[in-house]
4 protein chains.
Amino acid sequence: MDETVKPKRPDGQPRKASRDTRRQQLINSTIATIGRCGYAKTTLTEVARNAGLSHGLINFHFQTKEQLLSDTLLFLMNEYRDNWIRALHEAGPRPADQLAALLRADFNEVICTEEKRTAWVAFWGEAQSRPVYQAMCGPMDQEYALRLEEICANLVSEGGYAMKSEDAARVLRAMLEGIWLELVRSVSRYSLAVAERTAFTAAAALFPKHFTAGGPIPA
Amino acid sequence: MDETVKPKRPDGQPRKASRDTRRQQLINSTIATIGRCGYAKTTLTEVARNAGLSHGLINFHFQTKEQLLSDTLLFLMNEYRDNWIRALHEAGPRPADQLAALLRADFNEVICTEEKRTAWVAFWGEAQSRPVYQAMCGPMDQEYALRLEEICANLVSEGGYAMKSEDAARVLRAMLEGIWLELVRSVSRYSLAVAERTAFTAAAALFPKHFTAGGPIPA
Amino acid sequence: MDETVKPKRPDGQPRKASRDTRRQQLINSTIATIGRCGYAKTTLTEVARNAGLSHGLINFHFQTKEQLLSDTLLFLMNEYRDNWIRALHEAGPRPADQLAALLRADFNEVICTEEKRTAWVAFWGEAQSRPVYQAMCGPMDQEYALRLEEICANLVSEGGYAMKSEDAARVLRAMLEGIWLELVRSVSRYSLAVAERTAFTAAAALFPKHFTAGGPIPA
Amino acid sequence: MDETVKPKRPDGQPRKASRDTRRQQLINSTIATIGRCGYAKTTLTEVARNAGLSHGLINFHFQTKEQLLSDTLLFLMNEYRDNWIRALHEAGPRPADQLAALLRADFNEVICTEEKRTAWVAFWGEAQSRPVYQAMCGPMDQEYALRLEEICANLVSEGGYAMKSEDAARVLRAMLEGIWLELVRSVSRYSLAVAERTAFTAAAALFPKHFTAGGPIPA
DNA sequence: GATGAATGAGCCTTCATTCAT
DNA sequence: GATGAATGAAGGCTCATTCAT
C-alpha cells in the first residue's frame, strides 16, 4: 500500500479518514462547541464547521444529534474514569496516597480543560430532564463513590478518626464537583493550583493525621 | 358576596391580573418548565401552557424569551440572597450560629425545591456561554463569598484554628454547590437531611471546637 | 353646561373628544406613521402611540385596520380633490389660468407635505393588489383626468396647437405624478419650487403661446 | 440520451440546481409575488410556493427576507440599467435617436411587464422608510439622470431650443416614472403603445424639430 | 368612551434530517 | 465516503382583534 496515493487536502488530512478518527474529531468538536456556545446553542452546523467537515457527515457517523451528544458524554465519562483509575493504579497501597491521587486526578490537565469542564456542567444541567444521561452517569458515579468511600474508610480506620467514612466521602465528592462548578463559573478567581489547595484543605480537615493543605503527609 | 360579579375562569384565576402577578406567574412557570424539560427544551409554548396562559402573553410582559429567562434567573438569585441574608439576620452574633444558619439556609424548603435546584444547575450550565448570566451572578456570588469568609475568619480567630479562613470558606462554598449538584443528579441517594448532615460534617472537620456532624455545639 | 366640568388631560385635550375629532386624529397619525415607517411596517400600536391614544381605541372608531387604512386613503383623496376643485374655482374662465391653477394646486403646501406624499406613494404601491383601493381611486382619477383633458382641449383650440389634447393631458398627468414620486424618492434634489418650474416647463412646451417655464403668459 | 439517468421532478426541474439558478428562480418568484400580493402581503411561504420550492430554501440561499427583497430590488435595478444602456449603445450617435432609444427602452417588454412595474412601485412605496433601498437606488437614478441631461443638452444645442436642458430632462424623467405609475394603477386605460405615444408627445413638445408624437424625425 | 391585558393566527427563522450527486 | 442542496417541523415573535374593567 502506498500511502502517498491517498489524496491529501490542504490541511494535510487524508480525504478518507478512518471511521474512528472521524468520530473522535467530531466528538472533540462537539465538546469545543458546547464549551463555546453552550448546550442549547450547539448546532450540528457549528460542530461540523469547528471540525472543518461537512454538515452531512455527522449524520453519517452518528445517526442523530442525540447520538452525537450521548457519545460525547460517553467519551467524557470514559476519559474521566480512565483518568482516576490510572491515577489510583499508580498511587501505591497507602490510603492517603490513594486519596491524594484521586484529588489530584480531578484537576489533571487532560480532563480538566476549560472546554471539558464547561461541557460537563452543560451535561449536568441537562441530565435531570434526560433519562439517557442519568442512566449513563449513574453507574460511573456509583463506582467512583464506592472507591472513594473505601479509601475514606481505610483512612478512618488507620487514623482512628471519629467521623463516619461515608460522610467524609460525601463531603469530598460534593466539594470536588463544586470546585469544578466554581472553575466554570468564576474563571478568574480560581486556578487549578487554588483548586487543588482547596481540595487538600478539606482532606486535611477530615484527616488531619494524613494531610495538610499542601498535600499528603509522607509516611 | 356575589360571585357572578367577578367572572372567574375554570382555574379560579381572574382573566385579568396585575402586571406583577402575571410576571411572577410566568416566572414560576419558567422555573417549573426548566425543571421538567431542561433549559434546551424549554419553549415559550410550554411555559405558557404550564401557566395556563397564552404564549403571546409572554411577549407582552417580557419582551423576548431571553428576557424571560434573565428575569427568572434574577428572581432565583434574589430569592436565594434574601434567604441567606434573612437567615443570617436571625442567627445572632455567634460566628458558629451564623455559619450554621448559612449552611441550613441552603437547604431551606422554599429555595431548595427540586424544580429550583434543577433550574439553577441549568442556568449554571448555560452561564459560561452567556455573559449576561455571568454578569448577573458575579456580584451576588461575591457578596456571599465575602460574608462566608468573614464568618470563617471569626471562627478561625475564636478557635485558634491553623488553617487559612479563605481556604475554609472555599471548601464550604464548593461543597454546598456540589451538594446541590448531587441533589439534582442523584435524586434517590440524597435527602435534604443527608445534605445537611454532609454540610455539618465539613463544618465539624474544619472547626471541630464549634461543630459536630449534627450541628453547632451550643455555647 | 359647564365646560370646565369636562376633565382635561395634561395635553389640554378633553378626555372625551367628539367622534369626528378622534377619527381625524387617528387618520392624521396614520398618515404620519405610514410616512415614517412605510406601509408594511405601519402597526396599530404605532398609530395609537403617535396619536397619544390607547391601542384599543382604534378598533372602537374604525372596526378593522383595513377600515382605518381605507378611511385614511379616502381622506387623502377627498383632500386632494377639494384642493384642485377649489383652485380651479378660484382660477377664472381662461384655460391657461385654469391649467396654471391645476399645476400649482398639486404642490400646494397643505396636500403636498412630505408625509402625505410618502403616504400616497405607499398607497399606490399597494393599490395594485387591493381592489378596494383601486375602486376608490378610479373614479377620482377619472374625474381629474376628464377635467384636465377639457382644459387641454380648450387650450389646443385656443392656440391652434397641432397635438391631440388627450395626449397633452396624459403627458401632464403622468408628469405630475412622476414629480411626486421624485419628491418622495430624492428628497434633496427637488424642492417644491423646482417641482413647479418643471411642471410649467412641460406646459410651455405643450402650449408655447400660453406658458413659459415661469408660468402662464398674462392675457 | 438516457433520461432516466437524471431523475426529474413532475415539473421537470432537477431536484438540485446550481446556486445561481435557484437564486434567480426565487428572485423571479419574489417579483411575481409582490406583483400579485403587494409588498406588505408578500410572505416567504408564498414566494416559495410560487417557485415550487420549500420555504426553508429561501433562508438557505438568502439569509433573511430582507436580503431576498434587497437582492430582488438589486436585480430589477441592474436589469433596468442594462436595458437602457444597451438601448443607448445600439442607438447610434444622433441625440434624437438616443433619446428615442431611451424612451422606447422604458417600455421594453422584458423590463416593463405588469409584474415588474408593480414590484417597482411597491419598492418605491417602501423606499422612503428603508434607507437601504434608497442607498441602492440613488446612484443608479443619478447615472440615468445625468445621461438623460446630456442627451437633452445635445438636442437643445442642435435645435437651438430656448429651454434649459435640465428642465427638459426633468420633465421627461418625471413623465416616464409617472407613466409607469399610470400603467400600474389603471391597467385598462393604458397600453404600452399609448404609453410610448405619450412619451413621444412630450418629446415632440420639447424638441419639435426632432420629434413628432409618432417618434423621432429621421435625419 | 377609554384602557390595556389577553388571545391566537400567521409570520420569519432555525435546524435536524434526508438524499441526489 | 463526502458534500451541500433541499425539506419541513417547530420555535420565537408580531400584531390585529377582543374584551373585562
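## Chain contacts and confidence

Let's start at the shaky end: over residues 1–12 of chain A, pLDDT (the predictor's confidence in each residue, from 0 to 100) stays under 50, and the model has 5 contacts for them beyond four places in sequence. Two residues count as in contact if their C-beta atoms, placed from the backbone, lie within 7 Å.

This is a predicted model, so local features need pLDDT of at least 70 and side-chain atom pairs count only at pLDDT 80 or more, while totals for chains, interfaces and linings use all residues. Residues are numbered from 1 along each chain as its sequence is written, and chains are lettered from A and ligands numbered from 1 in the order in which they are written.

Chain A as a whole averages a pLDDT of 90, with 91% of the residues scoring at least 70. Here are the two extremes among its elements; helices (H or I, at least four residues) and strands (E, at least two) are DSSP runs, numbered from the N terminus.

| Helix of chain A | Residues | Mean pLDDT |
|---|---|---|
| α3, lowest | 55–61 | 92 |
| α5, highest | 95–105 | 98 |

Now for the A–B contact: 41 residues of chain B are in contact with 41 residues of chain A. On chain B, α1 (19–37), α6 (114–127), α7 (131–159), α8 (165–185) and α9 (192–206) each supply at least two residues of the side that touches chain A. The most come from α8(B), with 14 residues.

On to the other pair. A turn of 180 degrees and a shift of 0.0 Å along the axis lay chain C on chain D with an RMSD of 0.1 Å, using least squares on the C-alpha atoms of residues with pLDDT of at least 70 in both. That is the relation of a two-fold axis. Also, 100% of the interface residues of chain C are interface residues in chain D too, so the copies meet through the same surface.
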